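Me: I would like to go through this model by question and answer. Please keep each reply short and end on the value or name I ask for.

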Amino acid sequence: MNSVKPAMDFDGHCAALVDQAVLLASCLTEQDADLTTTVPSCPDWNLAQLLRHLGEAHRWVEELVRNQATDPPPDNALRVLPRDTHQSPAEVAAWLTEGARRLADTLRTTGPDVRIWTPLPSGSPRFFARRMAHETVMHRADVALALSSAFTVDHSVALDTLDEWMELGSLPEMFDVHPDRRELLGPGRTLHFHATDTPPEAAADWLVDLTGDTLAWRRAQEPAAVSVRAPLTDLLLLIYGRTPADSDTFDITGDAELLDFWLARVLFG
């Protein structure tokens with residue numbers, strides 16, 4: 001559970017969705033990116049496929065929210081992804097940002113509390129505003145890694161992205177989808193993550209507690225079997241599986257094998 005005030009609200013998620021898409025698009029156009037470049041953090045995809053997936057995801061959610069759907073629409077367009085593209089980076093960038101803006105507009109028009117279908121508990125546009133904002137953050141990271149570009153995230157966005165990851169990963173439903181995660185549970189299994197570049201009021205500490213019957217977490221600075229200290233963006237990339245734990249960026253103390261075991265089991269997004 002988390003007693004810290006959320007870093008972002010519904011309007012903030014809608015704004016971040018567009019901001020992150022614009023930043024991603026700028027990365028493409030500034031470098032005149034080769035869209036056939038393999039994405040190391042999504043090795044089955046090249047840039048064209050990753051960008052098509054993200055843009056189609058925005059459009060899929062926009063349709064769902066606009067229609068206030070009680071069942072999900074077909075999602076073939078965001079899963080069947082041709083490797084070739086005849087579009088330029090500028091054309092793909094414009095298509096991506098247009099879809100993000102349309103989704104944000106539809107979310108705002110619909111409002112946060114209308115009852116709709118969501119894949120996990122929530123049943124409202126709040127879920128999709130947050131999920132799509134952070135989906136765009138992390139795929140922007142994928143693009144930056146593929147192009148060897150710098151990647152930074154505002155602290156409020158990074159904090160909320162990590163909180164959402166912890167919340168979704170701790171849902172009881174995850175045991176049904178990923179039964180092997182039960183193997184994480186055991187006595188003495190706790191992990192602590194601390195961001196080294198945030199002010200104290202950010203409370204940028206996460207304690208993952210695997211000692212009970214569920215995958216629990218809380219924002220807390222407590223002793224743990226293994227502790228990881230690093231700048232916030234680097235923690236985000238580590239926990240989302242975009243950066244390996246053996247990087248010099250991370251100060252790891254305690255049971256490093258537990259950290260590796262946990263990271264291998266909880267890959268997400």
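Me: Is Arg108 buried, exposed or partly exposed?
Reply: This is a predicted model. The relative accessible area of Arg108 is 40%. Buried would need under 20% and exposed over 50%. Arg108 is therefore partly exposed.

Me: Which residue forms a salt bridge with Arg108, and at what N to O distance?
Reply: The two residues are 3 apart in helix α3 (residues 89-110), so about one helical turn separates them. The acidic one has a relative accessible area of 46%, which means partly exposed. The salt bridge joins Arg108 to Asp105, with the closest N and O atoms 3.8 Å apart.

Me: What separates Arg66 and Glu62 along their helix?
Reply: Their side chains meet in a salt bridge, 2.9 Å from N to O. Both residues lie in helix α2 (residues 47-66), 4 residues apart. That separation is about one helical turn.

Me: Is Glu62 buried or exposed?
Reply: Its salt-bridge partner is Arg66. Arg66 has a relative accessible area of 47% and is partly exposed. Glu62 has 5% relative accessibility, and the cut-off for buried is under 20%. So Glu62 is buried.

Me: How many residues apart in sequence are the parts that Arg131 and Glu164 tie together?
Reply: The side chains of Arg131 and Glu164 form a salt bridge at 2.9 Å, N to O. Arg131 belongs to helix α4 and Glu164 to helix α5, so the pair ties together parts whose separation in sequence is 33 residues.

Me: Are Arg131 and Glu164 buried or exposed?
Reply: The pair meets in a salt bridge. Arg131 and Glu164 share one state: buried.

Me: Which residues are linked with Arg59 in a network of salt bridges?
Reply: The structure holds 17 salt bridges. Arg59 takes part in a network of them. The residues linked with it are Glu98 and Arg102.

Me: How many residues of helix α7 are buried?
Reply: Helix α7 spans residues 232-239 and is mostly covered. Its buried residues include Leu232, Thr233 and Ile239. Among the elements covering them are α4 (125-146), α5 (155-169) and β4 (226-230). The count is 7 of 8.

Me: Which residue just after α7 takes a positive phi?
Reply: The phi in question is about 75 degrees. The residue is Gly241.

Me: Which charged residues gather with Asp246 in a surface patch?
Reply: Asp246 is found in the loop between α7 and β5 (251-254). With a relative accessible area of 66%, Asp246 is exposed. The patch carries negative charge. Its other residues are Asp248, Asp255, Glu257 and Asp260.

Me: What is the phi of Asp32?
Reply: Asp32 sits in the loop between α1 (10-31) and α2. At 58% relative accessibility, Asp32 is exposed. Asp32 is not a glycine, yet its phi is positive, at about 45 degrees.

Me: Where is Ser148 placed?
Reply: Ser148 is not a glycine, but has a positive phi of about 55 degrees. At 69% relative accessibility, Ser148 counts as exposed. Its place is the loop between α4 and α5.

Methods
Residues are numbered from 1 along each chain as its sequence is written. This is a predicted model: local features need pLDDT of at least 70, side-chain atom pairs count only at pLDDT 80 or more; totals for chains, interfaces and linings use all residues. Side-chain values use heavy atoms; hydrogens and water are left out. Buried means under 20% relative accessible area, exposed over 50%, partly exposed in between (1.4 Å probe, protein chains only). Contact means heavy atoms within 4.5 Å. Patches are made of residues with over 30% relative accessible area and no salt bridge: like charges are joined within 9 Å, nonpolar side chains (Val, Leu, Ile, Met, Phe, Trp, Tyr) within 5 Å. Accessible areas come from the Shrake-Rupley method with a 1.4 Å probe; for residues, only the protein chains shown count as cover. A salt bridge is a side-chain nitrogen of Lys or Arg within 4 Å of a carboxyl oxygen of Asp or Glu. Lys and Arg count as positive and Asp and Glu as negative; His and the chain ends are not counted. The place of a charge is taken as NZ of Lys, CZ of Arg, CG of Asp or CD of Glu.
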